[in-house]
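Hi everyone, thanks for coming. I'd like to walk you through a structure that may be new to you. Let me put it up on the screen.

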Amino acid sequence: MWYLQGRSRSSQKARGHTKGRQSTPPTSIAWHSMTYDHRAIESSWQKRWEDEGLYRASIDWDRPKHYALTMLPYPSGDLHMGHWYAMTPSDARARYMRMKGYNVLFPMGFDAFGLPAENAAVTRGIHPAHWTWPNIERMRDQMRSMGTMFDWEREAISCDPTYYKWTQWLFTQMFEHDIAYRGQAMVNWSPTLQTVLANEQVIDGLDERTGQPVIQQLMEQWFFRITRYADELLDFDAIDWPDNIVAQQTNWIGRSEGAKVEFPTDAGPLTVFTTRPDTLWGATFMVLAPEHDLVRELTTEDQREAVETYVEIAGRRSELERLEGADEKTGVFTGGYATNPVNGAQVPVWVADYVLVSYGTGAIMAVPAHDERDFQFARTFGLDITPVIQPTGAEPLVADEMDEAYVGPGTMANSGPIDGVEVTDAKGRANPSLAAAIDWLVEHDAGDEHVNYRLRDWLIGRQRYWGSPTPILHRDDGTIEVVPLEDLPVVLPENVEFDGGRSPLHDHPDYSDATASDGTHARRETDTLDTFMCSSWYWFRYLSPQLDGSAFDPEEAAYWLPVDTYTGGAEHAVMHLLYARFFVKAMRDMGVFDDTIATMQEHGRDPEDLFDEPFMMLRNQGQILGEERTGDRLVIDGERDGNRIVASAVRVDPDASDDAGTYVGELMRRTENVLQVKGSDGTLTVEVPEGSPLDIATIPGVNDVNQLKHHLEIQRMSKSKGNVVNPDDLVIAHGADTVRTYLMFAFEWQKGGPWDSHNIIGSRRFIEDVWRIGTEDYRPEAADDIASKNLRRKTHQTIQRVDADLEVFKWNTAVAALMTLRNDLLEARRTRNVSEETWAEGVDTLLRLLAPIAPHITEDLWHKRGNPASIHLATFPEADEAVAREDTVTMVVQINGKVRDRIEVGIDIDAAAAEAAAMASARVQELTADKTVRKVIVRPPNLVNIVAN
RNA sequence: GCCCCGGUGGUGGAACGGCAGACACGGCGGACUCAAAAUCCGCUGCCCGCAAGGGCGUGUGGGUUCAAAUCCCACCCGGGGCACCA
């Protein structure tokens with residue numbers, strides 16, 4: 001048996017054993033003189049919760065369910081701030097839902113296949129499995145210190161054969177339902193390494209490791225027909241997702257209506273897709289992508305050399321690089337011509353890399369008069385420009401006088417049968433000129449109405465080792481068959497060597513030699529599956545990760561599905577989230593949920609619409625960035641000319657005085673050898689000529705400009721930048737409760753921001769104050785009813801605020817509200833002017849409201865205050881509207897929109913009384929004495945605005 | 001280049017189109033202390049003013065509105081994504 005499997009099984013067994021063991025609760029400490037010892041409290045409660053199985057989630061058809069999910073992490077080695085930031089608020093939300101009465105499932109697992117493990121193999125000689133599994137162990141341990149309610153019995157790990165058996169099975173289903181197919185795609189091919197490189201491994205067209213050139217090359221690969229679902233993927237009605245994610249996916253899919261038109265050439269018909277068939281009469285040339293099939297055949301002898309050179313150079317640039325440089329138009333004439341089907345004109349055919357082979361048909365008709373890119377191209381190469389839309393009520397367009405393409409509305413001109421038709425800004429048939437053009441094309445058999453999508457089919461083949469094997473056999477006769485379920489999983493062989501070149505699966509006869517179902521010899525597919533495929537169904541595996549007979553248990557699925565809330569980074573806006581949606585739709589159509597639907601119906605739950613989308617609600621968190629850093633203090637010697645210095649010498653000296661050199665200041669920015677230095681005289685540009693002396697005292701040897709540290713505003717945390725903050729150190733110093741509270745308090749969750757290690761002290765003080773409040777043996781001294789009533793009101797207002805904030809993931813304002821209640825309770829503790837019951841209600845409320853955010857200290861204090869059961873089984877407090885209600889409110893009186901007075905009024909004041917009160921104000925009388933009141937806007941009870949002049 | 005998001009005090013941030021700056025950090029002043037730390041109390045957007053009060057102020061410029069951080073238009077700057085990082 002394969003060791004990876006053994007390892008994962010044994011670790012699960014070990015975890016199972018801890019169940020049922022008796023533990024001593026952390027009590028029996030004297031009430032007074034207790035200091036807050038986060039280490040003892042947190043570790044003992046984590047252990048007790050696990051021993052008692054507090055967070056085990058099991059089916060209970062009598063209770064409403066809530067499936068909370070946070071994005072599957074990659075086991076990179078150490079848990080970092082970003083993991084805490086993603087997971088602990090999600091945990092708080094899951095805990096909140098639990099206290100609201102839901103039966104909550106909140107699982108965790110690992111997306112364990114991927115490139116970093118192979119990089120470790122190549123650069124450090126560690127087998128990907130030997131790198132990945134210990135990482136998982138370490139991260140799982142670190143995650144436990146967060147105090148989350150993950151149900152570890154549900155853990156799923158994508159590189160475990162018990163998991164990828166079902167990834168493979170899903171692939172076979174896709175194959176059998178004609179969703180998986182073989183096609184051609186461009187790849188980054190390294191001729192040196194004889195392998196395909198990931199985009200991130202290619203920098204400026206060179207392999208980042210070897211520095212050798214990388215070329216773009218077509219290769220036969222596996223795809224999923226996600227485009228078949230394009231229209232359904234554009235429908236977001238059933239799900240509650242952020243608008244920006246919906247917009248990004250919609251744009252990514254890029255549905256556009258138009259026509260396909262054929263331009264005959266000597267080498268055969270050239271098909272283009274255009275959203276503007278109405279401008280066909282203005283098409284003066286055509287452009288093919290360098291990789292287009294017809295380039296070779298259309299190229300004439302005298303242009304052949306130029307075209308081949310251009311195609312070769314273009315092949316070295318990635319798609320992204322081509323788009324980035326799209327401002328400067330490059331291209332070459334093939335020498336060939338095509339016939340414009342609407343008017344029989346002969347138009348030249350060019351090759352240019354602003355046309356992408358992957359979009360549309362890889363060829364365009366160019367209408368320079370009405371498309372900006374075509375216009376620039378035409379002007380660069382002196383090609384004809386023919387306006388066919390004349391703007392209404394403006395000077396008619398004249399080709400030679402145009403500075404830019406005209407893309408607005410108007411009237412068709414110079415366009416034969418559709419002359420005079422109106423052009424609007426509408427897209428598709430809603431635009432009269434488009435409708436007329438399409439009708440004409442269809443009638444004359446010159447083209448078809450067509451909907452094009454920017455979305456391309458999902459390329460799932462990877463020429464790598466560390467991924468799930470593709471369960472496919474290539475028979476010697478050239479046909480293909482899938483590996484049947486009883487032979488799954490196709491296990492990834494362990495005994496492989498890495499040389500940084502092509503996947504070791506290629507040269508592994510034990511793996512690649514196989515026998516087909518008819519007994520003949522076959523070659524096993526050596527491409528592995530995209531890791532996005534592993535993460536496109538993992539929430540189903542969480543339902544029953546140990547189950548061997550199917551991908552998931554229909555009983556579990558019928559109760560828990562679909563996922564109710566999904567949280568994760570917005571960087572996954574398009575790819576992961578679109579793939580996940582596609583997967584569910586495909587699984588639905590392949591009948592994967594049939595048993596689940598039947599089970600649901602048995603329990604009286606309506607399955608309608610529950611299997612169209614994976615995640616009903618989605619919320620994104622931002623990113624935690626590295627701390628701000630000051631740049632090096634530089635002493636520059638050299639010739640100053642205005643705001644520019646050519647340096648003769650540069651040295652780094654943190655203590656240099658302002659007059660230590662020609663100019664002294666902080667390095668703000670650096671581009672190559674040009675520095676921006678901010679000093680007493682503003683920011684100056686300093687050029688450091690090659691070879692001029694540069695000295696950094698802290699770095700021995702010969703220094704160069706690349707070693708200078710510039711000012712950092714914000715920057716991604718990464719090991720290479722040296723700005724990583726280790727959560728473990730913070731947990732040891734302050735405790736998980738403080739770290740959790742700080743992460744939720746310090747940032748707007750959706751936005752994230754730069755980490756600041758100093759501000760954590762505020763959250764630490766808050767937690768310690770909670771401890772002081774929770775352990776206080778309160779005795780009133782001067783209890784008075786008004787003080788008690790005020791504290792009760794604040795207590796109930798806090799419930800309202802925290803409840804509303806947690807509902808919508810607004811952690812920072814929830815914590816702020818709790819800090820305010822803390823301040824009120826400390827005030828009461830100092831003055832001892834509230835009744836014992838009021839105090840107790842305030843404290844118990846504070847603890848329960850804080851429990852989802854800081855689960856350990858609240859649990860400990862809850863028990864200390866005499867509650868036998870866990871606070872995490874308690875219900876969330878409910879506010880009493882009548883108690884929370886304010887009696888009076890400060891009404892603002894404005895004159896011409898500026899605040900001039902404030903009046904305390906009853907909360908129920910009506911408009912007439914509010915206006916009267918405002919007009920009666922001495923300030924208002926004084927300031928309006930010499931003016932005429934024109935208008936009074938009254939918004940009781942908050943505001944009166946008097947317009948006067 | 002294209003798509004999406006953001007820009008508010010010294011800092012993180014708060015604010016149904018209706019009191020800009022809640023809450024917190026930092027800073028300043030004070031108390032306690034032999035002293036320091038911790039803790040506690042007060043002040044803290046900027047400018048003018050002894051004060052009362054006034055002016056200015058949410059990246060920049062314009063617009064809508066009785067009223068704009070919030071809505072609209074243009075621009076500047078920063079971040080995320082762009083299909084083999086996950």
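Let's begin at the RNA: a base nitrogen of RNA strand B sits 2.9 Å from a polar backbone atom of R454. Please keep in mind that this is a predicted model.

The phosphates have partners as well. One phosphate oxygen of RNA strand B is 2.9 Å from an N or O atom in the side chain of R462, and for the side chain of N812 a phosphate oxygen of the strand is 2.7 Å from an N or O atom.

Now let's widen the view. How many residues surround RNA strand B? There are 68, and the closest are D111, R464, A746, N759 and R902. Of the RNA atoms that come within 4 Å of the protein, 70% belong to sugar and phosphate. On the protein side, the residues of this surface split into 25 nonpolar, 21 polar and 22 charged. Helix α24 is the biggest contributor here, with 8 residues.

Next, the protein interior. The largest nonpolar core has 172 residues, and Y67, F224, W539, F582 and F583 have the most contacts inside it. Here we meet α24 again: this helix, residues 811-831, gives the most to the core, with 10 residues. Because domain 1 (174-225 + 458-532) and domain 4 (735-884) both give residues to this core, it lies between them.

For a close-up, take F582. Leaving aside residues up to four places away in sequence, F582 touches M174, I179, F224, R225, I226, Y229, L233 and W458. Apart from this core lies another one, of 54 residues, with M286, V295, A366 and V367 among them.

Terms used
Residues numbered from 1 in each chain as written. Chains lettered and ligands numbered in written order. Predicted model: local features only at pLDDT ≥ 70, side-chain atom pairs only at ≥ 80, totals over all residues. Heavy atoms only, no water. Core = buried A, V, L, I, M, F, W, Y, C linked by side-chain atoms within 4.5 Å. Buried < 20%, exposed > 50% of the residue type's maximum accessible area, 1.4 Å probe, protein only. Helix = DSSP H or I, 4+ residues; strand = E, 2+ residues; numbered from the N terminus. Domains from an automatic or database assignment. Contact = heavy atoms within 4.5 Å. Near = heavy atom within 4 Å. Polar contact = N/O pair within 3.5 Å; in protein donor to acceptor, adjacent residues only side chain to side chain. Nonpolar A, V, L, I, M, F, W, Y, C, P; charged D, E, K, R; others polar.
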